[in-house]
Structure formats: C-alpha cells, structure tokens
Amino acid sequence: MGLNVKEMMVAGPLQNVSIAYRNRDYIGDRVFPILDGGDPKAKIYKYSKGVWFRDEAQIRAPGTRAGRSKLTMTPVSISTDEYAHAAPVTDEDRRFAKRKNAPPMQPDTDAIELTADKIDLNKERRIATLITGGTWADGNSGGEDAEGLWSPADSTNTFLADIVKGTKAIRSACGMNPNCLLIDNATYLALKECAAILDKIKYTQRGVLTLDLLAAILDLDEVMVGKAIYSSAEETAAGDDFTAVNIWEVNAGKGMGFLFYRAPKLGLKVLTSGVQARIAYEDGQPRRVTTWREAAEHQDVYESAEETDIVQVCADTGYLWNDTYAT
C-alpha cells in the first residue's frame, strides 16, 4: 500500500516541512572504479606478476641469444545483469498533492528519486559484500581479526602498527604502496580519541582529527568513512518495519578497515582492487529511467535501471581487517 495523499492534508505552516530517511554517503564508486563500455560478457586480463619482478637480465655473450621471458595472463570474467526498481504514482496522489493543504510532496519526482536510490543502495551493498567477504593480501577470508584494538584511546591501540603491517604486505604482494583507507563510522569516531594519533596533530587545527589529517599522517591520498546503512526487516503493511544494518562491516557492530591501492584511472597495465563494469543503454546513458501507464489502476509507474557487474580483480592490492571496534 502506497501513500494516500487525500488522507494527509496538513495545516499551512507544515506545508514546507517533511522528513525523509535516506543515505547521504555512498562511497562504493571511490573504492571500485566504474568501467563504462564493453560487452555484457567480457574478460579483464591480468598479467602474471612473477615475470615482471624477476631480475633476469644478464650479460649476452657474442654470438649467443639473450635470456627470454614469457608473458602469461589470467582472465577475470565479467557478466552484467540489469538491476531495476519501480514505484507507482496514482492519479489521486498527483491530483491531491496540488491541493492547498497537501503535504509538501512531488509524487513523480519522489518516485524517481526513490527508485534511483534503490539502485545506488544495491550497488553499495554489492561492493561492500565483495570487500568484506573477500580474501585479500592478508590471506584471510573476511579479513584479519583486529580484536577491537583500533578503538582504545590508550597505548593498547594497534591502528598505526596495523596500517604499517598492511602497507608492507600490499607492497610485498604487488610492488605498490596502498594509497587509500576505508573504515566504518564507529572506528573513525574511536580513532578521533586515540592518544597516539592526537599526539601527531596536537599543534594542528587545535588537535581535531579530520579525514584529511588522518590521510596525511598515514601518507595516503584519501581516507573514507563508510556510513551507509540498510534495513534488513521484512516490509509490513503498516510500513513501520526497520532494522538497521551497517553496510560497511564484516561482523555486526564490530567495525572494519580496508587498506588498498587505487589507480588514478583505469587503463592498460593498471592495478585495481575491483571494477564496476557498466553497459550504457540505447541513448548512451548509463542509467535508464522509464515510465508507463497502468490504466486499470489509474497510475503511472517509474522505473530506474542500470546494467552492471561488480568484480574483485586484484586481491594483492588490498588488506582487510575485521572487528576493529569494541564497545
């Protein structure tokens, strides 16, 4: 059952006030870059890394052949699917929304925004699931257990030492230093109280930790915070269903951290932890919004859709920790 605007008429002063619950911070596109174009079924090829790091150049004696290397590649398969969601707008809601005492609604615009947000939320969850459930340079499915030691404010906090450990592991695995860190919101709030970190910035901006300062301390390009949530509750007729789940966590309520290398842009011979392959529609746009009439129901339906596949590409470029936060 959707809205019934006819039953929602309000007093004049309240016509300029409404409340909407929605995520304001999706970060998935900054973790797994978007790869536009290509075919619905394709492959990304990875060069085997060993040949690039072996020191094999030797003196070539006159009349002899130089030593040789053979390049090999392994494929990562991409197979896109269309993800879509739709919302109806009744003639009654559209008509009564224009009444003098109607609530501050724009039924058609609201429907389009809702369906678009459903696509964004779904992508955020898919990216987070690949990261938090994957095996990275740490070698552990679901990450290395930080035992809640990124949250203490005192000397028992292991955050800085763990980042050094992760940096060394990634460099040993792929030859590149990581340049990005993703942490959940609870872990970030705890780090803002960590004495070892605050000591490094005590003469800067009144000792208040910001994401830019944390990135500078760690010699990274960016530190990002995963704040988005979703509801795992089943829909009820009354519409009062809601069970909040943090998207960027491995285990509920215990936090996470993901250190990784992000290339400035995708291209040939470029490292990336993962990609979002996206196929454009007939008009060249990556997302389609369509509408159709359901005459018997006296309503129009708006649908947002996007054809994508999200895949892990190079596990060597990331290091994952679970349970970084302890209450």
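Begin by selecting helix H8 in this predicted model, and look at how its buried residues pack against H5, S6, H6, helix H7 (195-200) and S7. Within H8, the buried residues to colour are Leu213, Leu214, Ala215 and Leu218. As background, an α-helix has 3.6 residues a turn, so residues three or four places apart point the same way. If you then step past the end of the helix, you come to Asp219, which follows H8 and has a positive phi, near 60°.

Next, keep Leu214 in view and add Phe159, Ile163, Leu181, Ile183 and Leu259, since these six residues touch the most other members of the largest nonpolar core, which has 24 residues. The elements that give two or more residues to this core include helix H5 (159-174), strand S6 (180-184), helix H8 (211-218) and strand S14 (318-322). In soluble globular proteins, nonpolar side chains tend to be buried together.

Now centre the view on Leu181 and, leaving aside its neighbours within four places in sequence, show its contacts, among them Phe159, Ile163, Leu218, Leu220, Met224 and Leu259. The contacts of Leu181 also include Glu222. Apart from the largest core lies another core, of 20 residues, and to find it you can select Leu121, Ile127, Ala228 and Tyr230, which are among its members.

Finally, move to Asp108, which has its place in helix H4 (residues 107-132). Is Asp108 buried or exposed? Asp108 counts as buried because its relative accessibility is 19%, and the cut-off for buried is under 20%. Leaving aside its neighbours within four places in sequence, Asp108 is in contact with Val89, Arg94 and Tyr302, so display these residues to end the tour.

Conventions
Residues numbered from 1 in each chain as written. Predicted model: local features only at pLDDT ≥ 70, side-chain atom pairs only at ≥ 80, totals over all residues. Heavy atoms only, no water. Core = buried A, V, L, I, M, F, W, Y, C linked by side-chain atoms within 4.5 Å. Buried < 20%, exposed > 50% of the residue type's maximum accessible area, 1.4 Å probe, protein only. Helix = DSSP H or I, 4+ residues; strand = E, 2+ residues; numbered from the N terminus. Contact = heavy atoms within 4.5 Å.
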